[in-house]
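Reader: I have just opened this one and would like to know what the labels rest on. Could you take me through the reasoning?

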Amino acid sequence: MIIELNSVLPFPLAEYPHGKDSVWKSNSTVDSSKKTLLNASSGKGKSTFASTLYGIRQDYEGTIKIDGEDIKSFDLNEWIELRRMKLSAVFQDLQLFGDLTAFENLQLKNNLTNHRSEERMLEMLDTLGIGDKRDQTCKTMSLGQQQRVAIIRSLLQPFELLILDEPFSHLDEENSRIALNLINEETDANKAGYVLTTLGSHHGFDFDVELKL
Amino acid sequence: MLKKLLFAHKSNLQFVFATLGTLIGLTSLLLSAQLILDVQSFQSNEEELFGPNSVVIQKKVTKLTTIGMNSTEFTPEDIKGLEEKEFITDVAPFQSSDFKVGISEVEGDGLPHFYADMFFQAIPDRFMDVKNTEWEWNVNSEYIPIVLPRDFIMIINYGFAQSQGINQISEELLMAARLQIYINGNGQKTTKIGRVVGFSQKISSILVPEDFLKIMNKQYGNGNILNPSRVFITIKDDSYGELEELMEEHNLDINQSAIDVVKIKTIVAVVIGIFGIAAILIMLLSLLGFIQYSQLVLSKASYEIRTLLRIGYAVRSIVKTFIKQLSLTFGIITISAIGIMFAVKLLVINPWLEDHGISIGASGITISLFIGIISLVLFIVANYLNISRTVKRLGNE
């Protein structure tokens, strides 16, 4: 999957000055076969970038094309199909279901495509150190724990590009490293790539491309 | 799991009210439909004879009539006027005998001796609901079928018989016995055998088959062409009001008891109709209640719906989850309403009617099923449209 951005500028960011190497107001490309790092300070529009690529926000000028097609022409059903089979995301606000348990949150996503077995899901929970939380409702878990559930959930579908919006903001270095390993493992298994946004720290991340905002 | 997620914040109170409203509304609607059908099928003995909604009209006899200045005859223009009325579906002038008629008993058939001068009248066969075989007549028939006014037998039994010291006769006996008929006109005489095949409250005439009267008039008639003085009409259901207006306007007369059935039917139909309209209003209000209920559930679950769409759940699978739940509720409501309606009808209304001497025809379940299914479909479609519109809106936000 190739995502082309041509002179894209979100309306809320119009007032801000943007550097020459910024993704905004220039022509850039996100290649789903690559691992991309998006490094920027607060308020530059990392989350806006992530939600715009994911089709949640459409308040921008310029054009964004996915494999040559303008994403503004996609209707809701096309977006849903894309999110089910090609695009996955970890949202900054996680978007988990607080009343469901950690495992139910994972099942809900996995049921759509039966991408991974129950054993594999439990294994991932164990890997990220929250295996004992599987039957706890998400609203009773700490943000760091919830963040790990959200990361696992994003891996339970076929995808070409994974959009990770500050996925490690509530994790310590060690847990971030473990999570990143899992993400790399699953991304490689899917022959996919990802865009990872971060506030400076790149968690020892070995990226192919770096974009700036 | 979808159901658990989407109905996590449901509002029970609103749901109970909407459900109760729909149940009451639908039950009332079914009940009124069923009752209207029952009233339509309500039959008196009279209608068994003439079919429903038929009445005889005649012009009022006034002082002017008696001194010959005002005729009670219906002119061809009068008849045409009646035929043009929208609520009158059929018009048939009475034909009268143009010869003298006398009747006596046939000796040995069990009737006391009597002789009476009479007259014959006839209306078209299509108004006669007597069993066809009994009313059929041709020149080779063994006897002439006759319909007598019920008052006739009353006069004989409670007036004539007592004063003359003869035996009273039952309807059954009279119908079993033969009658000797003497016909005299156009300078000729003949006798025939007649048999009573029915009694009428509505028509105070001695009715014979139309064919018989035509042939006899030709042969024994004195050649007077008479305009009819009475007309048999059939009116539409529930048009008692128009009939009354017509009678007022043209100074017409009608046997009051004969229109009672028509009158009662009209009034009852109007009352039940109002009840039915109220029921439809209740139904519509509860439909709104349900739409509001699902709107509330949707807005309370808006985070869940939006997020489900974001992680790849299709609009239709979310809509389906809601509709499945609501359809189940509506299905139960519909079945309960039909059940309650029949219970009320069979256990309360029918016994009450029977206690009051009103027999009604058994009405089927078809109309209830039909109305039930129509409202079920209406409820599901209305809610489906509302829910899928709201879910799509949430997805595009």
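**How the labels are earned**

Author: Let's begin with A:E123, which is partly exposed at a relative accessible area of 40%-plus, 42% to be exact. Keep in mind that this is a predicted model.

Reader: What makes A:E123 partly exposed?

Author: Buried would need under 20% and exposed over 50%. A:E123 has 42%, so it falls in between.

Reader: And why is A:R120 called buried?

Author: Its relative accessible area is 14%. Buried means under 20%, so A:R120 gets that label.

Reader: How do you know that A:R120 and A:E123 meet in a salt bridge?

Author: The N to O distance between their side chains is 2.8 Å. The cut-off is 4 Å for a nitrogen of Lys or Arg and a carboxyl oxygen of Asp or Glu, so this pair qualifies. Both residues lie in helix α4 (residues 118-127) of chain A, 3 residues apart, about one turn of the helix.

Reader: What makes the contact between A:E185 and A:R120 a salt bridge?

Author: The same kind of check: 3.3 Å, N to O, against a limit of 4 Å. This pair links distant parts of the chain, with A:E185 in helix α6 (residues 173-189) and A:R120 in helix α4, 65 residues apart. A:E185 itself counts as partly exposed, because its relative accessibility is 46%.

Reader: Which distance makes A:E186 and A:R120 a salt bridge?

Author: Their closest N and O atoms are 2.6 Å apart. A:E186 sits in helix α6 and A:R120 in helix α4, so the pair ties together parts that are 66 residues apart in sequence. Both A:E186 and A:R120 are buried.

Reader: Why speak of one network here?

Author: Salt bridges that share partners join A:R116, A:R120, A:E123, A:E185 and A:E186. Over all chains, the whole structure has 17 salt bridges.

Reader: Still in chain A, why is A:S28 called buried?

Author: A:S28 has 12% relative accessible area, and buried means under 20%, so the label fits. A:S28 lies in strand β2 (residues 27-31) of chain A. Not counting residues up to four places away in sequence, A:S28 touches A:I3, A:E4, A:L5 and A:V23.

Reader: What is notable about the phi of A:D67?

Author: The angle is positive, about 45°, although A:D67 is not a glycine. You'll find A:D67 in the loop between β4 (60-66) and β5 (69-70) of chain A. Chain B has a case too: phi of B:N186 is near 55°, again positive in a residue other than glycine. B:N186 lies in the loop between β8 (178-185) and β9 (188-200) of chain B.

Reader: Over in chain B, how do you know that B:F290 is buried?

Author: The relative accessible area of B:F290 is 0%, and the cut-off is under 20%, so B:F290 is buried. B:F290 is in helix α11 (residues 256-300) of chain B. Among the residues it touches, leaving out those up to four places away in sequence, are B:F15, B:T19, B:L326 and B:F379. B:T19 is 271 residues from B:F290 along the chain, yet their C-alpha atoms are separated by 7.8 Å.

Reader: What makes the surface patch with B:K10 positive?

Author: The patch is formed by B:K3, B:K10, B:R316, B:K320 and B:K324. Lys and Arg count as positive, so the patch does as well. Its largest share, 3 residues, comes from helix α13 (residues 315-355) of chain B. A patch residue needs over 30% relative accessible area, and B:K10 has 40%, so B:K10 passes that test.

Reader: And which residues make up the nonpolar patch?

Author: They are B:I365, B:L369, B:I373, B:V377, B:V381, B:Y384 and B:L385, with about 620 Å² of accessible area together. B:V381, in helix α14 (residues 366-396) of chain B, has 41% relative accessibility, so B:V381 clears the 30% cut-off for patches.

Technical notes:
Residues numbered from 1 in each chain as written. Chains lettered and ligands numbered in written order. Predicted model: local features only at pLDDT ≥ 70, side-chain atom pairs only at ≥ 80, totals over all residues. Heavy atoms only, no water. Patch = residues over 30% accessible without salt bridge, like charges linked within 9 Å, V, L, I, M, F, W, Y side chains within 5 Å. Areas by Shrake-Rupley, 256 points an atom, 1.4 Å probe, with all protein chains shown as cover. Charge placed at Lys NZ, Arg CZ, Asp CG, Glu CD. Helix = DSSP H or I, 4+ residues; strand = E, 2+ residues; numbered from the N terminus. Buried < 20%, exposed > 50% of the residue type's maximum accessible area, 1.4 Å probe, protein only. Contact = heavy atoms within 4.5 Å.
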